[in-house]
Amino acid sequence: MFPLGRALLPNEALPLRIFEPRYLELMESLRREDRPEFGVVLISRGWETGGGEDRYDVGTVARIASDVPLGDAQRAVVAVGTTRFAVEQWLPDDPYPRAEVADWPEDSTSGERLQESVAAATATMRRVYALASELGADTSRQDLTLPDDPVAAIWRIASLLPLAELDRQRLLATLEASERIALLEQLADEIAEELTLRLGSG
């Protein structure tokens, strides 16, 4: 397990610079696995380094895509979020954070209403980027392409929006896709409204 100050979403890339001995040992143990994966959970209170932090109990499995050794006993790791899990029991942090987990099932809901909600959230996301551009942000290199699958598209929109970590965690812990897209639409609208106000006050 790898508690972080960021909630990892499914299909999202996670670059890490690893230097703590406990996580270096975790990476070393994963190098012997056919499918090198670890769990990522958001820290609810505390810090990423040193241990002793409080953690949320819904997280994302991260699969290692690259692992490059650096100087000074550090590693540059890139992982990708895959499926979600729920922590059933935290185990002693020896030699690194560990837990017993259960799969957090992904709702495969589809249908016209979900597609319409995804389309509405997509339009708001593009509006957010347009407003951010008007406010001076460089958005030209951001790829706003979405997958065809509506559930995957929801996660992609969530990863593209500048959401607070607690809001990302709320989305992560929402079981039904229909509830998740409704929450995402609300959050996207709030961001667009805030940017509109900033643009008007400027």
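## An exposed loop residue with positive phi

In this predicted model, Asn-11 counts as exposed because its relative accessibility is 53%, above the 50% cut-off. Asn-11 is placed in the loop that runs between strand E1 (2–4) and strand E2 (13–18), and its phi is near 70°, a positive value in a residue that is not glycine. As background to this value, most residues other than glycine have a negative phi, and most peptide bonds are trans.

## A cis peptide bond

The second backbone feature concerns Asp-94 and Pro-95, which are joined by a cis peptide bond with omega at about 5°. Pro-95 has its place in the loop between E6 and E7; these two strands, E6 (74–91) and E7 (98–104), are also among the elements that each supply at least two residues to the lining of the largest pocket.

## The largest pocket

The largest pocket holds about 230 Å³ of space, and 15 residues line it, with Met-1, Phe-38, Gly-39, Ala-99 and Val-101 lying nearest its centre. Helix H1 (21–30), strand E3 (37–45), strand E6 and strand E7 each supply at least two residues of this lining, and E7 gives the most, with four residues. Sorted by class, the lining of the largest pocket comprises 10 nonpolar, two polar and three charged residues.

Helix H1, one of the contributors to that lining, also contains Leu-24. Leaving out residues up to four places away in sequence, Leu-24 touches Ile-18, Phe-19, Ala-73, Gln-74 and Arg-75. The C-alpha atoms of Leu-24 and Asp-67 are separated by 11 Å, the two residues being 43 residues apart along the chain.

## Helices H3 and H4

Two packed helices are described by the angle between their axes and the distance between the axes. For helix H3 (residues 150–160) and helix H4 (residues 165–172), the axes come within 11 Å and cross at roughly 175°. H3 is therefore roughly antiparallel to H4, since the angle is over 145 degrees. In the contact, Trp-155, Ala-158 and Ser-159 of H3 meet Arg-168, Leu-171 and Leu-172 of H4, and by class these comprise four nonpolar residues, one polar and one charged.

The buried residues of H4 are Asp-167, Arg-168, Gln-169, Leu-171 and Leu-172, and what covers them includes E3, strand E5 (58–70), E6, E7, H3 and helix H5 (177–201). Arg-168, Leu-171 and Leu-172 are thus named both as buried in H4 and as residues that meet H3.

## Val-58 at strand E5

Which residues does Val-58 contact, leaving aside its neighbours within four places in sequence? Val-58, which lies in strand E5, is in contact with Val-41, Phe-85, Trp-104, Gln-169, Leu-172 and Ala-173. Gln-169 and Leu-172 are among the buried residues of H4. Val-58 itself counts as buried because its relative accessibility is 12%, under the 20% cut-off.

Along the chain, Val-58 and Ala-173 are 115 residues apart, while their C-alpha atoms are 6.1 Å apart in space.

## Two buried polar residues of helix H2

Ser-117 and Thr-124, both of which belong to the polar class, are found in helix H2 (residues 112–134). Ser-117 counts as buried because its relative accessibility is 17%, and Thr-124 counts as buried because its relative accessibility is 13%.

With neighbours within four places in sequence set aside, Ser-117 is in contact with Ile-181 and Glu-185, whereas Thr-124 is in contact with Ala-188, Asp-189 and Ala-192. These partners carry numbers that fall within the range of helix H5 (177–201). For Thr-124 there is also a distance along the chain to set beside one in space: Thr-124 and Ala-137 are 13 residues apart in sequence, and their C-alpha atoms are separated by 17 Å.

Notes. Residues are numbered from 1 along each chain as its sequence is written. This is a predicted model: local features need pLDDT of at least 70, side-chain atom pairs count only at pLDDT 80 or more; totals for chains, interfaces and linings use all residues. Side-chain values use heavy atoms; hydrogens and water are left out. On a 1 Å grid over the protein atoms alone, a cavity is a set of points where a 1.4 Å probe fits but cannot get out, and a pocket is an open set with protein on both sides within 12 Å along at least five of seven lines; lining residues have an atom within 4 Å of a point. Grid points are joined across faces, edges and corners, and a volume is the space filled by probe spheres set on the points. Axes are lines fitted to C-alpha atoms, for helices over the stretch in contact, and angles run from 0 to 180 degrees between N-to-C directions. Angles under 35 degrees count as roughly parallel, over 145 as roughly antiparallel, 65 to 115 as roughly perpendicular and the rest as oblique. Contact means heavy atoms within 4.5 Å. Buried means under 20% relative accessible area, exposed over 50%, partly exposed in between (1.4 Å probe, protein chains only).
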